[in-house]
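Could you walk me through this protein, from its strands to its ligand and on to its unusual backbone spots? A guided tour in plain paragraphs would suit me well.

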Amino acid sequence: MLIDNFKKSDVVARYLPKKLVSIDHAEAFAPSNIALCKYWGKRQSELNLPVNSSLSISLAHLGTRTQIRPSQTGEDQVMLNGQLLPVESPFASKVISFVDLFRRESSYPLVIDTRNNIPTAAGLASSASGFAALTLAINQYFKLQLPDSVLSAFARMGSGSASRSIYTGFVEWRMGRQEDGMDSHAFPLDVIWPDLRVGLVKVSTAAKAVDSRSGMKRTVETASLYQSWPAQAAQDLEKIHQALSEGSFSQLGAVAEHNAMSMHATMIASWPPLLYWQPDSVVAMQKIWALREAGVEVYFTMDAGPNLKLLFQEKNQTLLETEFSGLEVVTPFVESGSLSTSTATVKKSS
Ligand code: PMV
């Protein structure tokens, strides 16, 4: 059931001061993230309120850095990776509408300078880190001093998965119940796994034909298989929590892979069918299953695209780099978890 009662602008306005002030320059970084238990389906589309809770791992230094400064030309200027974009381009118009939620009618022409350090070859979506970095930069630029939970809820309005990119490490996004969505935000989990690795397998970097927003809508509206998704996601989330508290890499990997395949099953059962895989995606899956048969602990997850993200432990890194040429390896917990909160518990996965 999709009820669009609340408007983003009304929700945001409640957190803004009567008169906005600004600083000269703001800059923020947010990491990209990979969901181990996926967000798939909205219960309310205006605010991106999800049908289920989800859990992800942030990709440390891979993500988006966004700067905001006043524009000297009197017009907004949106830059992506050093290139000035036409304001009517899809990227620039999304950025400008998001910034408009905060500056409302006041005229604050801005330069919004966005840089992704996600290797283009990795085929990773950058909307999660992009909206999270933009939200963090807006918070600084307008001196809003909002708590992370509110920033996470605001980032969610740009792109659901952006709610999780406000934090590093393992992150959970609770679906929430409130109509205004302010209890639908992410929070970081107190667990660090220094030996966890995420490997990015590039199958294709071409823009996808159906974006995740339309893909979710089509699945929710046309796939009867989708009815089983919320219960499966809730169960998988529980199992991932258990894997994290027991330090069981095998359970974490197996549940993440099963969760991704279940999500893809709902997509395939949509009409018209939604198949993000390409022949090489299946080749990579089969290789992973063969490696597992041979005793190498490697699992994968996939989002709304053809690329695979491998989950493995440090001890198998060299072998997997040989098996998958061009594998981009990310260490989510760099330098024994320095990106995580100081209270995080180091749990070596087994
Ligand atoms: O945040 P969106 O609208 O790009 O949707 C993300 C959907 C998935 O990547 C498939 C799953 C997830 O939880 O990130």
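What follows is a tour of a predicted model, taken one region at a time.

Let's begin with strand S4, which spans residues 54-70. This strand is mostly covered, with 12 of its 17 residues buried. S4 has several pairing partners to look at. Strand S1 (residues 26-37) pairs with S4 in the antiparallel sense, over 10 bridges. If you want a place to find that pairing on screen, look for Ala 35, which stands opposite Ser 56 of S4. Strand S7 (residues 110-116) also runs antiparallel to S4, and seven bridges join the two; here Gln 67 stands opposite Asp 113 of S7. Strand S8 (residues 170-173) pairs with S4 as well, again in the antiparallel sense, over four bridges. In that pairing, Ser 54 faces Trp 173 of S8. As general background for viewing these strands, side chains in a regular strand alternate between the two faces of the sheet.

Now step across to S1 and pick out Asn 33, which is found in that strand. Is Asn 33 buried or exposed? Its relative accessibility is 9%, and because buried means under 20%, Asn 33 counts as buried. The side chain of Asn 33 has polar partners there. It reaches the backbone oxygen of Ser 161 at 3.1 Å, and a polar contact of 2.9 Å joins it to the side chain of Arg 164. Leaving aside residues up to four places away in sequence, Asn 33 also touches Ser 56, Ile 57, Ser 58 and Leu 59, among others. Ala 128 and Ser 165 are included in its contacts too.

Ser 161 and Arg 164 lead us straight to the ligand, since both are among the residues that come nearest to it. There are 14 residues around the ligand, and Tyr 39, Ser 159 and Ser 212 are also among the nearest. Which atoms approach the ligand's oxygen atoms? A backbone N or O atom of Tyr 39 lies 2.9 Å from an oxygen atom of the ligand. From Ser 159, a polar side-chain atom lies 3.0 Å from a ligand oxygen, and from Asp 303 a polar side-chain atom lies 3.3 Å from one. Taken alone, the ligand exposes 380 Å², and the protein buries 89% of that.

Next, have a look at helix H5, residues 212-222. Which residues of H5 are buried? They are Gly 215, Met 216 and Thr 219. Seen down the helix axis, these buried residues fall within an arc of 95°, so they line one face of H5. What covers them includes strand S2 (42-44) and helix H7 (249-268).

Let's finish with the backbone. Most residues other than glycine have a negative phi, and most peptide bonds are trans. Asn 48 has a positive phi of about 55° although it is not a glycine. Asn 48 sits in the loop between S2 and strand S3 (49-50), and with 1% relative accessibility it counts as buried. Gln 145 has a positive phi too, near 50°, and lies in the loop between helix H3 (127-141) and helix H4 (148-158). At 74% relative accessibility, Gln 145 counts as exposed. Finally, the peptide bond from Trp 271 to Pro 272 is cis, with omega near -10°. Pro 272 is placed in the loop between H7 and helix H8 (279-293).

Note on methods. Residues numbered from 1 in each chain as written. Predicted model: local features only at pLDDT ≥ 70, side-chain atom pairs only at ≥ 80, totals over all residues. Heavy atoms only, no water. Buried < 20%, exposed > 50% of the residue type's maximum accessible area, 1.4 Å probe, protein only. Arc of directions from axis to C-beta. Contact = heavy atoms within 4.5 Å. Pairing = 2+ DSSP bridges. Polar contact = N/O pair within 3.5 Å; in protein donor to acceptor, adjacent residues only side chain to side chain. Near = heavy atom within 4 Å. Areas by Shrake-Rupley, 256 points an atom, 1.4 Å probe, with all protein chains shown as cover.
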